[in-house]
Amino acid sequence: MAFVVPLQGPTGIYGPSCLACAELAVEQLNAGAGIAGRRVELLVVDAGRDPDVVADEVARLVDGQLVEAVAGWHISAVRQAITRRIGGRTVYAYAAMHEGFDDTPGVYMLGERPVNQLLPAVRWMREELDVRRWAVVGNDYVFPRVTVAAARTALRDAPSSIVTESYVPLGTRDFRTTLAELQKQHVEGVIMLLMGQDAVHFNRQFGRLRLSENLVRLSPAVEENTLLGGGFTANDQLYAAAAYFDNLSTSESSQLSRDYYARFGQFAPALNAVGESCYEAILFLSRIAERAGSLDISAVRQVHTGYFYDGPRGLMRLDGNLVNQDVYLALADGMEFAVQDQIARAH
C-alpha cells in the first residue's frame, strides 16, 4: 500500500502522528488475516512536497504494480494531482477532511466535509455564543476556497454570514498584515482554514495581540499538535470541529487510545484527528476488501451506499464514495481539547 502522508513542509507537523497510527493499524491487521488474507506493508510517500512530485512517485508505484492500494492524509491539492495520474486504476482511501466531492472512480473520501463539520459548527456557535459575523483566514489552495464557497452558499439566507476572506500561501510565517486587516473588520469570529505550522504561527501571533478577548476562532483542521505548537497563550477561545479528539470518551475511541499508548508509551506522537484518520483509512480498506472479496477496483465499486462499519470514530456509513460519521465540537483547554457537543451524526 502506498501510504501518502506529509513528512516536511507546513503539514509535516502531522507526520509523526500519521506514521504511528498507521503502524498500529498494520500491526493489528497482520496479527490477524491482514487485508483479504494478505499481509499489509506500507510504502511511505512524503506528501509534504510539490503535488506533482508526490503524484509522480505514487504513479510509479502503481505503474510498476508495487502497490495495490493508496491511503493517507494529505491536502486536496495533492489528492487532485494523484487522481489525475492513477484515478480509476487502484483503490484510494483519502483520509483528510475535504471540500465535499471527488467522483474519480475508486477514490473514497473518508474525512469530514463542510455539511457535517464546518456548517454545523457555525450553527452551534451562533446558537450558543451568538457569533454571527465571520472572517475567513485560509491557505490558498482548493480545500479552503471551495469550502468557503460552499459555506457562503449555505449561509446565504441564514443569520450567520462570512464578511471577509483572506488567503495566504502554504508556508506563511508572518501574519502581521492579515491580523492588522482582521482588526479593522466588524466580525465576531475567525474561521481558520490554515494547515499545520501555518496555523501554529497564526495562533501565536493572534495570541500575542490578545485578539481572543474579542474574537473566537473556529477550525476544521486544528488538532492536538497545533495546540502544542502554539503554546498555552495561543489557544484561548479556539474551537475545533472534528470526528475525533484524543480525549473523546466514546467506547470506540477509548479502545484506540488504550491500544495506542500501550504500544507507543506516554511520549508517543499526539493521538489526534489527523493521525487517527490514517488508522481509519487502513481499517476502511480492510473492511471494504472483506465485503468485496478483494481490493480489486471493480469488486470494491460493487459496495454501495448504506454499507456500515465500526471504527474508532463510531459508526461509519458509506454514502457513494463519501462517509457519514459523527462529528464533535471542542474548545481548547490549554494544551488539550474539551469536547463541548456532538454537532453531526452518521445517518
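1. A residue is called buried here when its relative accessible area is under 20%. By that yardstick, buried residues account for 59% of the 347 residues in the protein. Keep in mind as you read on that this is a predicted model.

2. On overall dimensions, I have no complaints. A compact globule of 347 residues would have a radius of gyration near 20 Å, and the protein comes in at 19 Å, so the two agree. Along the principal axes, the C-alpha atoms fill a box of roughly 60 × 40 × 35 Å. As for the secondary structure, I find eleven helices and 15 strands in the protein. The contacts also reach far along the chain: take those between residues at least 6 apart in sequence, and 67% of them join residues at least 24 apart.

3. Strand β10, residues 238-242, deserves a look. Five of its five residues are buried, so the strand is mostly covered. What covers which side? Leu238, Ala240 and Ala242 sit on one face, Tyr239 and Ala241 on the other, and all of them are buried, so both faces of β10 are covered.

4. Now for the neighbours of β10. Strand β9 (residues 216-219) runs parallel to β10, joined to it by three bridges. One residue pair to click on here is Ser219 with its bridge partner in β10, Ala240. Between the two strands, the chain goes from β9 through helix α8 (residues 224-230) to β10, a β-α-β crossover that is right-handed. Strand β14, residues 327-333, pairs with β10 too, in the antiparallel sense and over four bridges. For that pairing, look at Ala241, whose bridge partner in β14 is Leu329.

5. Would you draw a disulfide between Cys18 and Cys278? I wouldn't. The sulfur of Cys18 has its closest cysteine sulfur in Cys278, 3.6 Å away, which is too far for a bond. From the other end, Cys278 is in no disulfide either, and its nearest cysteine sulfur is that of Cys18. The cut-off is 2.5 Å between the sulfur atoms, and the structure as a whole holds zero disulfides. Cys18 is buried, at 0% relative accessible area. Cys278 counts as buried as well, with a relative accessibility of 0%.

6. Helix α4 (residues 118-129) has the length it should. Its twelve residues, at 1.5 Å a residue, should span 16 Å, and the end C-alpha atoms are 16 Å apart, so expectation and model agree. Among the residues of α4 that are buried are Leu118, Leu119, Pro120 and Ala121. Val122, Trp124, Met125 and Arg126 are buried too.

7. What follows α4? The next residue is Asp130, with a positive phi near 60 degrees. That is worth flagging, given that Asp130 is not a glycine. Asp130 belongs to the loop between α4 and β6 (133-139). Its relative accessibility is 46%, so Asp130 counts as partly exposed.

8. Arg210 is another residue to check for its backbone. Its phi is positive, about 55 degrees, although Arg210 is not a glycine. You will find Arg210 in the loop between α7 (196-208) and β9. Buried or exposed? With a relative accessibility of 54%, Arg210 counts as exposed.

Note on methods
Residues numbered from 1 in each chain as written. Predicted model: local features only at pLDDT ≥ 70, side-chain atom pairs only at ≥ 80, totals over all residues. Heavy atoms only, no water. Buried < 20%, exposed > 50% of the residue type's maximum accessible area, 1.4 Å probe, protein only. Pairing = 2+ DSSP bridges. Right-handed = clockwise from strand over helix to strand, strands pointing away. Expected span 1.5 Å × (residues − 1). Rg over C-alpha atoms; globule rule 2.2 N^0.38 Å. Contact = heavy atoms within 4.5 Å.
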